Amino acid sequence: MYKAKAYSAASATSPLASTSIERRELTERDVQIEILFCGICHSDLHSVRNEWSEFMPTQYPIVPGHEIVGRVTKTGSGVTKFKPGDLGAVGCLVDSDRTCAQCKAGLENFCPNMTLTFNSPDKHLGGVTYGGYSESIVVDEHFVLRVPSGLELSGTAPLLCAGITTYSPMRHWGVGKGKKVGVVGLGGLGHMAVKFAHALEAHVVVFTTSASKKEDALRLGANEVVISRNADEMKNHAGSFDFILDAVSAEHDINAYINLLAIGGNLTLVGAPAKPLQLAAMGLLFGRRNLSGSLIGGLPETQEMLDFCGAHHITADVEVIPIQKVNEAYERLLKSDVKYRFSIDMASLKSE
Ligand code: NAP
Ligand code: ZN
């Protein structure tokens, strides 16, 4: 074991603060990574504040962070994919059972025994896993992704969660040329969804509560922007969408979006608000519409997404911050004031 600097929260009401954590010595298949950038996902905030307490209670202290890009510093004797000096990336998963049907199909994200990057039982050290708000991490090479060359690193980190979470359902539900696609909520996930839907040549409509984001939405690749608080603007799109991706972090009316689906259209939730959402049955019945969900993505598809980003020069639009500004960043997330992902420059941890 060795010590690593990190930021953790001691309770649901404590701010994140500097700490020291233990990381394991490398096993045969492990890769040690010096973390260069870690994105701030709204899931970090939900978890730190124990907002998913019924489904996934938080164990404290918590070190969040699952959008990790860094430099490989050491490898175990059996590692074949990486050598010291390579770039490596880690997302929301650091382990799974590798034997279940989902793992065999490359869908580790649906393995009943997956280990999340933070707040999951740690098989090696006991306690729970600690995430990417830290100077280094040790991960089995199977869960470390290759970073395509030429991508700017601060904007690459968010691909590991915001990227794959939006890419995967779009591929699954056939987003492409000739499809009308809606994206609800222009935050970290939403802005990646716009970039992917545009790159996949769909007709993209952004739904936002923030009128100030309209120009950005068009720049990111939207064909149209709807201010969702405007009922008339919403009505213009009734019954017309093949697919809508809902990436909203808070309570909101999903029925308004179900009513915008075409016959047989699909609304996929990726946003995970703390409280249950109300569903009006009629919206689904009239039009044989579908409501579904999606959770990040498996390892092969995450690599595919990164390679797609390499080929299409796609990264997240980020505001790079030092770790010392993380609590301020959380407050801004709650006000929908992020353009469009915070990415922590981990070099800032050295001064702690
Ligand atoms: P984010 O950057 O904070 O963006 C959320 C966006 O939702 C905001 O920018 C805002 O967009 C909109 N919004 C916020 N409050 C709203 C309200 N009261 N009513 C309507 N719209 C509102 O969050 P994120 O990191 O993209 O994450 C979004 C959600 O996805 C979170 O719940 C997160 O936990 C979840 N998530 C799920 C997965 C998964 O695997 N399924 C993975 C990662 C994250 P506008 O300003 O445009 O309205
Ligand atoms: Zn996330």
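Reader: In which sense do strand 10 and strand 11 pair, and over how many bridges?

Author: In this predicted model, the pairing of strand 10 with strand 11 is parallel and runs over four bridges. One position to inspect is Phe-207, whose bridge partner in strand 11 is Val-226.

Reader: What connects these two strands, and what is the handedness of the unit?

Author: Helix 6 (residues 214–220) joins strand 10 and strand 11 in a β-α-β unit, and the unit is right-handed.

Reader: Which strand pairs with strand 10 over five bridges?

Author: That is strand 9 (residues 180–184), again in the parallel sense, with strand 10 covering residues 203–208. Here Val-183 has Val-206 of strand 10 as its bridge partner. As a general idea for reading such positions, side chains in a regular strand alternate between the two faces of the sheet.

Reader: In what order do the strands of the sheet lie?

Author: The order is 11-10-9-12-13-14, an open sheet of six strands with parallel pairing. Its edges are strand 11 (224–227) and strand 14 (290–293), each of which pairs on one side only. On average, and with direction ignored, neighbouring strands are turned by 20° against each other.

Reader: Which strands does helix 4 touch?

Author: Helix 4 (residues 162–172) packs on the sheet and touches strand 12 (241–246) and strand 13 (261–269). The direction of helix 4 makes about 160° with that of strand 12.

Reader: What does the radius of gyration indicate for the protein?

Author: A compact globule of 352 residues would have a value near 20 Å; the protein has 20 Å, so the two agree. Buried residues, those under 20% relative accessible area, make up 56% of the 352 residues.

Terms used:
Residues numbered from 1 in each chain as written. Chains lettered and ligands numbered in written order. Predicted model: local features only at pLDDT ≥ 70, side-chain atom pairs only at ≥ 80, totals over all residues. Heavy atoms only, no water. Pairing = 2+ DSSP bridges. Axes fitted to C-alpha atoms, helices over the stretch in contact; angles between N-to-C directions. Contact = heavy atoms within 4.5 Å. Right-handed = clockwise from strand over helix to strand, strands pointing away. Rg over C-alpha atoms; globule rule 2.2 N^0.38 Å. Buried < 20%, exposed > 50% of the residue type's maximum accessible area, 1.4 Å probe, protein only.
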